[in-house]
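Trainee: I am new to this structure and would love a close look at a single part of it. Could you take me through the salt bridges, and then show me what lies around them?

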Amino acid sequence: MGEREYRTRLHASRARGGTKRRRVATPAAVALRLLAVRARSTAELQRRLLERGFSSEQVAAVLHNLAARGLVDDTSVAHEYVESILARKAVGRRFLAAQLLRRGIPREISERVLETCLPKARERELVRAAAEH
């Protein structure tokens with residue numbers, strides 16, 4: 001078999017998944033990879049890890065460990081998210097609250113963060129500015 005034919009067969013085999021080595025990922029490794037992309041809420045990480053087939057016990061242990069190390073913090077995730085949205089566009093408290101809930105941020109944290117990032121006076125200013133445009 002020539003070099004060209006060998007490469008063609010090897011490529012075809014890899015395309016079928018034949019010689020591809022699969023690493024067995026741990027829930028901690030998957031969580032850290034997800035966190036490397038962007039900050040995530042506890043609920044987002046939990047959902048993603050469960051979707052990957054890890055057990056509830058494994059996921060709970062990893063989330064506890066990450067929280068203890070300060071790598072998962074729903075308050076800072078919510079704060080960063082709200083600030084990033086407000087920097088780009090004028091939106092109201094209801095919209096932001098719905099988005100935070102969708103991300104799995106608990107309601108108590110959401111309310112506290114919205115009070116800090118978007119006090120009622122600032123919200124009124126945003127509404128006025130949006131109405132003028």
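Mentor: Here is a walk through the salt bridges, followed by the rest of the chain.

Let's begin with the setting. This is a predicted model, and the mean pLDDT of its chain is 85, with 80% of the residues at 70 or more. The chain has 133 residues, and its secondary structure consists of eight helices and zero strands. Confidence varies along the way: among the elements, α3 has the highest mean pLDDT, 97, while helix α1 (residues 3-15) has the lowest, 62. Where pLDDT is low, the predicted coordinates should not be read in detail. Happily, α3 is also a good place to start on your question.

The structure contains four salt bridges. One of them joins Arg38 to Glu44, and their closest N and O atoms lie 3.0 Å apart. How exposed or buried are the two partners? Arg38 is partly exposed, at a relative accessible area of 30%, whereas Glu44 is buried, at 8%.

Glu44 has another partner as well. Its side chain meets that of Arg103 in a salt bridge with an N to O distance of 3.7 Å. This pair connects distant parts of the chain: Glu44 belongs to helix α3 (residues 42-51), while Arg103 sits in the loop between α6 (93-102) and α7 (107-117), 59 residues apart. Arg103 is buried, with a relative accessible area of 16%. Taken together, Arg38, Glu44 and Arg103 are linked in a network of salt bridges.

Now follow α3 along to another pair. Arg47 and Glu51 form a salt bridge through their side chains, at 3.1 Å from N to O. Because these two residues are four residues apart in helix α3, about one helical turn separates them. Arg47 is partly exposed, with 45% relative accessibility. Glu51 counts as exposed because its relative accessible area, 54%, is over the 50% cut-off.

With the charged pairs in place, let's turn to the nonpolar side chains. The largest nonpolar core has 16 residues, and those touching the most other members are Ala78, Val82, Leu86, Leu96, Leu100, Ile105 and Val113. Helices α5 (74-88), α6 and α7 each contribute at least two residues to this core. Which helix gives the largest share of this core? That is α5, with six residues.

Leu96 is a helpful residue to click on here. Setting aside residues up to four places away in sequence, Leu96 touches Val82, Ile85, Leu86, Val91, Leu114 and Leu118. There is also a second, separate core, made of 12 residues, including Ala31, Val59, Val62 and Leu66.

Ser110 gives you another view of this part of the chain. This serine is in helix α7 and is buried, at 3% relative accessibility. Apart from neighbours within four places in sequence, Ser110 is in contact with Ala97, Leu100 and Ile105. If you look at the backbone instead, the C-alpha atoms of Ser110 and Ala78 are separated by 6.8 Å, although the two residues are 32 residues apart along the chain.

For a contrasting spot, try Thr26, which is found in the loop between α1 and α2 (27-37). Thr26 is partly exposed, with 43% relative accessibility. Its side chain reaches the backbone nitrogen of Ala29, at a distance of 3.0 Å. The C-alpha atom of Thr26 is 9.6 Å from that of Val62, and these residues are 36 residues apart along the chain. You have met Val62 already, as one of the residues in the second core.

Finally, step back to the whole chain. Among contacts between residues at least 6 apart in sequence, 57% join residues at least 24 apart. The pair of Arg103 and Glu44 showed you such a link between distant parts of the chain. As for the surface, the chain exposes about 9,500 Å², and carbon and sulfur atoms account for 51% of that area. Of all the residues, 29% count as buried, and among them you have now met Glu44, Arg103 and Ser110. If you would like one place to return to, pick Glu44, which is linked with Arg38 and Arg103 in the salt-bridge network.

Conventions
Residues are numbered from 1 along each chain as its sequence is written. Side-chain values use heavy atoms; hydrogens and water are left out. Buried means under 20% relative accessible area, exposed over 50%, partly exposed in between (1.4 Å probe, protein chains only). pLDDT is the predictor's confidence in each residue, from 0 to 100. A nonpolar core is a set of buried Ala, Val, Leu, Ile, Met, Phe, Trp, Tyr and Cys residues joined through side-chain atoms within 4.5 Å. Contact means heavy atoms within 4.5 Å. A polar contact is a pair of N or O atoms within 3.5 Å; within protein, one must be able to donate a hydrogen and the other to accept it, and residues adjacent in sequence count only if both atoms are side-chain atoms. Accessible areas come from the Shrake-Rupley method with a 1.4 Å probe; for residues, only the protein chains shown count as cover.
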